[in-house]
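Q: I am new to this structure and would like a close look at a single part. Please take one residue in the later part of the chain, and then describe what lies around that part.

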Amino acid sequence: MSKTVLIVEDEQAIADSIAYALRTDGFTPRHVMLGEHALAALRPMSGAAAQTPVLVVLDVGLPDMSGLEVCRRLRQFSEVPVIFLTARSDEIDRIVGLEIGADDYVTKPFSPRELVARIRVILRRAGVAQAPREAGMTIAAPVVATAPARFELRALEARVLFHGQQLDLTRYEYLLLKTLLEYPGHVLSRAQLMERVWSGAPDTLERTVDAHVKSLRAKLRAVDAQADPIHTHRGLGYSLAGA
């Protein structure tokens with residue numbers, strides 16, 4: 001079944017190019033130009049469940065309100081994934097966008113095909129069933145979030161507790177640990193981890209995964225000196241002990 005992606009963009013040409021790329025890849029695009037219209041389309045009472053968007057592509061510079069404000073208000077009632085579009089590439093904008101609940105950030109001009117690829121990565125990470133496409137490198141979405149008992153994953157707060165103590169994690173350390181927690185016992189290759197954690201940083205080398213695993217292990221051992229829940233599988237990747 002096709003999945004609806006809501007495009008919130010006041011420039012028709014940009015919206016049309018995104019919509020075309022989405023249709024080509026099996027999605028159903030829906031387009032609105034104003035933030036208020038987007039919020040109305042995303043509220044639970046609007047339309048049938050089948051038409052509820054699985055992701056929002058949200059322009060930061062809308063005529064009626066900032067896309068940042070749309071996202072803030074959206075997060076009061078929905079956790080639908082959001083990708084920001086913006087003409088500005090300032091790091092502070094990216095940080096603000098991610099802190100208020102965005103899942104990714106794309107700077108104009110951009111490739112619509114790359115945007116659709118990022119959409120697929122985010123939906124896989126969120127465990128959303130996707131439109132059919134050619135076979136690729138995927139892993140099964142988790143049936144339920146069954147983090148080992150030593151861990152407490154608070155995804156809405158972007159926090160992880162270990163033995164009841166909050167871990168002081170960087171953005172990528174958090175995303176890496178979150179991914180491992182969502183697939184306890186599964187061996188994930190570096191490429192799979194790169195696809196899910198570093199999707200917005202395409203120039204990052206796979207060895208970055210090793211460096212972040214090392215720093216995560218150090219932070220876990222700072223809480224429990226005997227802890228070693230992240231297992232290395234030589235030539236294969238990493239897994240998190242499921243018990």
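A: What follows starts with one helix residue and then moves out to its surroundings.

This is a predicted model, in which local features need pLDDT of at least 70, side-chain atom pairs count only at pLDDT 80 or more, and totals for chains, interfaces and linings use all residues. Residues are numbered from 1 along each chain as its sequence is written, and side-chain values use heavy atoms, with hydrogens and water left out.

The residue chosen is Leu216, which is found in helix α8, residues 207–223; helices here are DSSP runs of H or I with at least four residues, strands are runs of E with at least two, and both are numbered from the N terminus. Leu216 has a relative accessible area of 1% and is therefore buried, a word that means under 20% relative accessible area, while exposed means over 50% and partly exposed lies in between, with a 1.4 Å probe and protein chains only. When neighbours within four places in sequence are left aside, Leu216 is in contact with Leu169, Glu173, Leu176, Leu177 and Ile230, where contact means heavy atoms within 4.5 Å. Along the chain Leu216 is 48 residues apart from Asp168, and the C-alpha atoms of these two are separated by 9.8 Å.

One element to follow from here is helix α6, residues 171–182, which lies across β6 and β7 and runs at about 115 degrees to β6; for such angles, axes are lines fitted to C-alpha atoms, for helices over the stretch in contact, and the angle between N-to-C directions runs from 0 to 180 degrees. Strands β6 and β7 belong to an open sheet of three strands, ordered β6-β7-β8 with antiparallel pairing. The edge strands of this sheet are β6 (151–154) and β8 (165–166), each of which pairs on one side only. Strands count as paired if DSSP finds at least two bridges between them, and β7, residues 159–162, is joined to β8 in the antiparallel sense over two bridges. In this part of the sheet, Phe162 stands opposite Gln165 in β8.

Another element to follow is strand β9, residues 230–233, which pairs with β10 in the antiparallel sense over four bridges. His231 has Ser239 of β10 as its bridge partner. The hairpin of β9 and β10 has three residues between the strands, and there Gly235 takes a positive phi near 75 degrees. From strand β10, residues 237–240, Gly237 and Ser239 point one way while Tyr238 and Leu240 point the other way, and all are buried.

The hairpin region is also touched by Ser189, whose place is in the loop between α6 and α7 (190–197). Not counting residues up to four places away in sequence, Ser189 touches Leu236 and Gly237. Why does Ser189 count as buried? The reason is that Ser189 has a relative accessible area of 19%.

To set this part within the whole, the secondary structure of the chain comes to eight helices and 10 strands. Of the chain's 243 residues, 46% count as buried. Among the contacts between residues at least 6 apart in sequence, 61% join residues at least 24 apart.
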